[in-house]
Amino acid sequence: MNLSGRTAIVGIGATEFSKESGRSELQLCLEACKAALDDAGITPRDVDGLVTFSMDSSPSIMVGRGLGVAELRYFSLVDYGGGAACATVAHAAAAITAGLADVVVCYRAFNERSGRRFGSGDAAAQARGDSPMAQHFGYYSPYGLITPAAWVAMAARRYMHEYGATSEDFGRVAVAARAHAATNPAAWFYERPITLAEHQSSKLIADPLRLLDCCQESDGGVALVVVSAERARDLPGKEVLIAGAAQGSAHDQQMMTSYYREDITGLPEMGTVARQLWNQSGLGADDIQTAVIYDHFTPFVLTQLEEFGFCGRGEARDFIRDGAIHLGGRLPLNTHGGQLGEAYIHGMNGIAEAVRQARGTAVNQVSDVHHVLVTAGTGVPTSGLVLSAVGRQP
């Protein structure tokens, strides 16, 4: 059964984004969930489904108790870090379509800056086998490949070699994200844009990645409310239809270290997602007015543009050089500032921005938005969404 148009996101909520929240991850979660339910006009007692990341520290039963949920009929966890973001919505849509739940809240909350810092690396844990990904990282960590930046740098360098991309091309992604964040009061980097020269002078983290190629570390929480399209029509009129929702893992997939593939310049798992989304929705790259592309590291933004057909293989550098990804360009990207500029909440804040764009309420609103593409974490098994404005869906 095709999920397209059968369900809708009707509520979005978030905490403030900070570097030290001063409260527990469960508290952040509950604040975001309550805000999303208030936005939807739905009471917590009506919630009967909860979906989050396997990495999240707030179990569904504790969230249910904290919110005052009467009865849970559906709860699930999605693996693979940031790759889970859009999949939480896919699980919710599938559950509602199958009749397993009526009102599902998707959430993600963490103290990723003041608590566990994903980008710091933990060679000792990997060596001991404590890390859930230690089985294959053990091959790389003895040689210094212990952080996400280092893993992505390997693929980025090969991409540069094959297609002639430069550090400046990656920097243009960062400059656009920070320009959008600079006009978004919710963004950590509000009123703090950067220039390409500043990107180029930022310190090297893992050659060729510079500091400003890397996403933030943030504290905060984001939640979304999903219901059937039919039920959404009885709510305050803020619904955004889910035109496509998909997950994907490609051949010879690893967790950001898929170096044994014949070609490491692409993201075939995202290609798997792209084919499903275009097939479900009946849309294509030309039908998308704005996109939220997962930007934990700038090089993979270029690769994703290619996987979704916005440009040919190796052509993303040319696609973005004329300002296409800025407001007023052919495809404005990450109009909230993305994870580079707003906050790193494992991509969930990007879904919220896509909802605002489809509603027409974004701070940096793109004109005449019909359809928005959202992608989740890259280098890992991943997911994606196509969201459609009501009355403009396929």
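This briefing covers confidence, salt bridges, one buried acidic residue and one helix in a single chain. The model is predicted. Its mean pLDDT is 93, and 94% of the residues reach 70 or more. The chain has 19 salt bridges. Three of them are described below, followed by a network, then D219 and helix α7.

**Confidence**

- One stretch falls low: pLDDT stays under 50 over residues 123-129.
- For residues 123-129, the model has nine contacts beyond four places in sequence.
- Where pLDDT is low, predicted coordinates should not be read in detail.

**Salt bridges**

- Side chains of opposite charge can pair when their charged atoms come close.
- E16 pairs with R23 in a salt bridge, with 2.7 Å between the closest N and O atoms.
- E16 is partly exposed, at 39% relative accessible area. R23 is also partly exposed, at 23%.
- R359 and D39 form another salt bridge, and their closest N and O atoms are 2.9 Å apart.
- That pair ties together distant parts of the chain. R359 sits in helix α14 (residues 348-359), D39 sits in helix α1 (residues 25-40), and 320 residues separate them.
- R359 is partly exposed, with a relative accessible area of 22%. D39 has 16% relative accessibility, so it counts as buried, the cut-off being under 20%.
- R73 bridges to D48, where the closest N and O atoms are 3.0 Å apart.
- This pair, too, links distant parts of the chain, 25 residues apart. R73 is in the loop between α2 (60-67) and β3 (74-78). D48 is in the loop between α1 and β2 (49-53).
- R73 is partly exposed at 40% relative accessibility, whereas D48 is buried at 6%.
- Salt bridges with shared partners also build one network, made of D169, R172, R317, D318 and R321.

**D219, a buried residue without a salt bridge**

- D219 lies in strand β7, which covers residues 219-228.
- D219 is buried but has no salt bridge.
- The nearest side chain of opposite charge belongs to R113, 7.1 Å away. A salt bridge needs a distance within 4 Å, so R113 does not form one with D219.
- D219 does have polar partners. Its side chain makes a polar contact with the side chain of S114, at 2.6 Å.
- A polar atom of the D219 side chain also lies 2.9 Å from the backbone nitrogen of S21.
- Leaving aside neighbours within four places in sequence, D219 touches residues from several parts of the numbering, including E16, F17, S18, K19, E20 and S21.
- Other contacts of D219 include F110, N111, E112, R113, S114 and I345.

**Helix α7**

- Helix α7 has 15 residues, 167-181.
- At 1.5 Å a residue, α7 should span 21 Å. Its end C-alpha atoms are 21 Å apart, which agrees.
- 12 of the 15 residues of α7 are buried, so this helix is largely enclosed by the rest of the structure.
- Among the buried residues of α7 are S167, D169, F170, G171, V173 and A174. V175, A176, A177, R178, H180 and A181 are buried as well.
- The cover over these buried residues includes helices α6 (148-163), α8 (196-201), α11 (299-307), α12 (316-321) and α13 (338-341). It also includes strand β6 (209-210).
- D169, buried in α7, is one of the members of the salt-bridge network.

Notes: Residues numbered from 1 in each chain as written. Predicted model: local features only at pLDDT ≥ 70, side-chain atom pairs only at ≥ 80, totals over all residues. Heavy atoms only, no water. pLDDT = per-residue confidence, 0-100. Contact = heavy atoms within 4.5 Å. Buried < 20%, exposed > 50% of the residue type's maximum accessible area, 1.4 Å probe, protein only. Helix = DSSP H or I, 4+ residues; strand = E, 2+ residues; numbered from the N terminus. Lys, Arg positive; Asp, Glu negative; His and termini not counted. Polar contact = N/O pair within 3.5 Å; in protein donor to acceptor, adjacent residues only side chain to side chain. Expected span 1.5 Å × (residues − 1).
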